[in-house]
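Reader: I am new to protein structures, and I would like to learn how to read a few features with some care. Could we go through them one by one?

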Amino acid sequence: TTSILLAEERILLAAPKSYNIKSEQFIDGYPVISISDFSDKPFVMLSEGQMLRELSMSLCSKYGFIPDIALECRSLQTANSMTEAGIGVTLVPELFVKHSAGDKAQYCIIKDQDIVRKIAVSYRNDRYLTKDAQVLIDLLKEMI
């Protein structure tokens with residue numbers, strides 16, 4: 001099997017604009033925050049079994065609190081929209097923020113956490129790679 005790494009993206013915390021997040025440190029324009037600062041805030045969680053939910057629960061546990069889950073939903077778009085509407089905080093991938101998110105939420109880097117997701121395309125070496133498949137791989141490299 002051949003795998004081609006297309007991108008590595010950070011996982012960010014999305015918070016309603018009304019939270020008025022203040023930070024003394026910024027990375028790539030994102031404020032750097034501690035997730036423990038949100039221990040008293042409601043969370044918008046994806047459904048059980050989804051990676052971002054498991055990551056959220058793990059981070060909260062690591063910092064000694066159980067998140068107050070205000071809402072559960074199945075889609076990242078819905079979770080982000082609920083955050084924009086002021087329901088609570090959620091975790092979102094950076095590429096989602098760059099390509100899909102609006103400007104009604106604040107996006108932050110979580111301090112002391114190197115939360116990165118790798119995006120790759122894989123294909124079998126023992127099979128013919130069609131021209132169409134190669135074009136798709138090339139397009140993905142350019143887009144991401």
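Author: We will take aromatic rings, the nonpolar cores and the salt bridges in turn, keeping in mind that this is a predicted model.

Reader: How many aromatic pairs does a search of the whole structure find, and how is such a pair described?

Author: In general, one describes a pair of aromatic rings by how far apart the centres are and by the angle of the planes. Here the search finds 1 aromatic pair. The ring centres of Phe43 and Phe65 are 6.2 Å apart and their planes stand at 45 degrees, so this pair is tilted, since stacked would need an angle under 30 degrees and edge-to-face one over 60.

Reader: Where in the chain do Phe43 and Phe65 lie, and are they buried or exposed?

Author: Phe43 belongs to strand E4 (residues 42-46), while Phe65 is in the loop between helix H1 (51-62) and strand E5 (68-73), so that the pair links distant parts of the chain, 22 residues apart. Both Phe43 and Phe65 are buried. Another ring, that of Tyr19, has the charged end of Lys41 sitting over it, 4.8 Å from the ring centre.

Reader: Which residues have the most contacts inside the largest nonpolar core?

Author: The general idea is that in soluble globular proteins nonpolar side chains tend to be buried together. In this model the largest nonpolar core has 23 residues, and those with the most contacts inside it are Leu13, Ile33, Phe38, Phe43, Leu59, Leu91 and Ile110. Strand E1 (2-16), E4, H1 and strand E7 (105-110) are the elements that give two or more residues to this core. Apart from it lies another core, of 10 residues, including Leu12, Val32, Val92 and Ala105.

Reader: How many salt bridges does the count come to, and which parts does the one between Arg117 and Glu9 tie together?

Author: The count comes to 7 salt bridges. In one of them the side chains of Arg117 and Glu9 meet at 2.7 Å, N to O. Arg117 lies in strand E8 (residues 116-123) and Glu9 in strand E1, so the pair ties together parts that are 108 residues apart in sequence. Arg117 is partly exposed, with a relative accessible area of 31%, whereas Glu9, at 2% relative accessibility, counts as buried.

Reader: Which residues are joined into one network by salt bridges that share partners?

Author: The network joins Arg10, Asp28, Glu94 and Lys98. Within it, the side chains of Arg10 and Glu94 meet in a salt bridge of 2.8 Å, N to O.

Key: Residues numbered from 1 in each chain as written. Predicted model: local features only at pLDDT ≥ 70, side-chain atom pairs only at ≥ 80, totals over all residues. Heavy atoms only, no water. Phe/Tyr/Trp six-rings, centres within 6.5 Å; stacked < 30°, edge-to-face > 60°. Helix = DSSP H or I, 4+ residues; strand = E, 2+ residues; numbered from the N terminus. Buried < 20%, exposed > 50% of the residue type's maximum accessible area, 1.4 Å probe, protein only. Lys NZ or Arg CZ within 6 Å of the ring centre and 35° of its normal. Core = buried A, V, L, I, M, F, W, Y, C linked by side-chain atoms within 4.5 Å. Salt bridge = Lys/Arg side-chain N within 4 Å of Asp/Glu carboxyl O.
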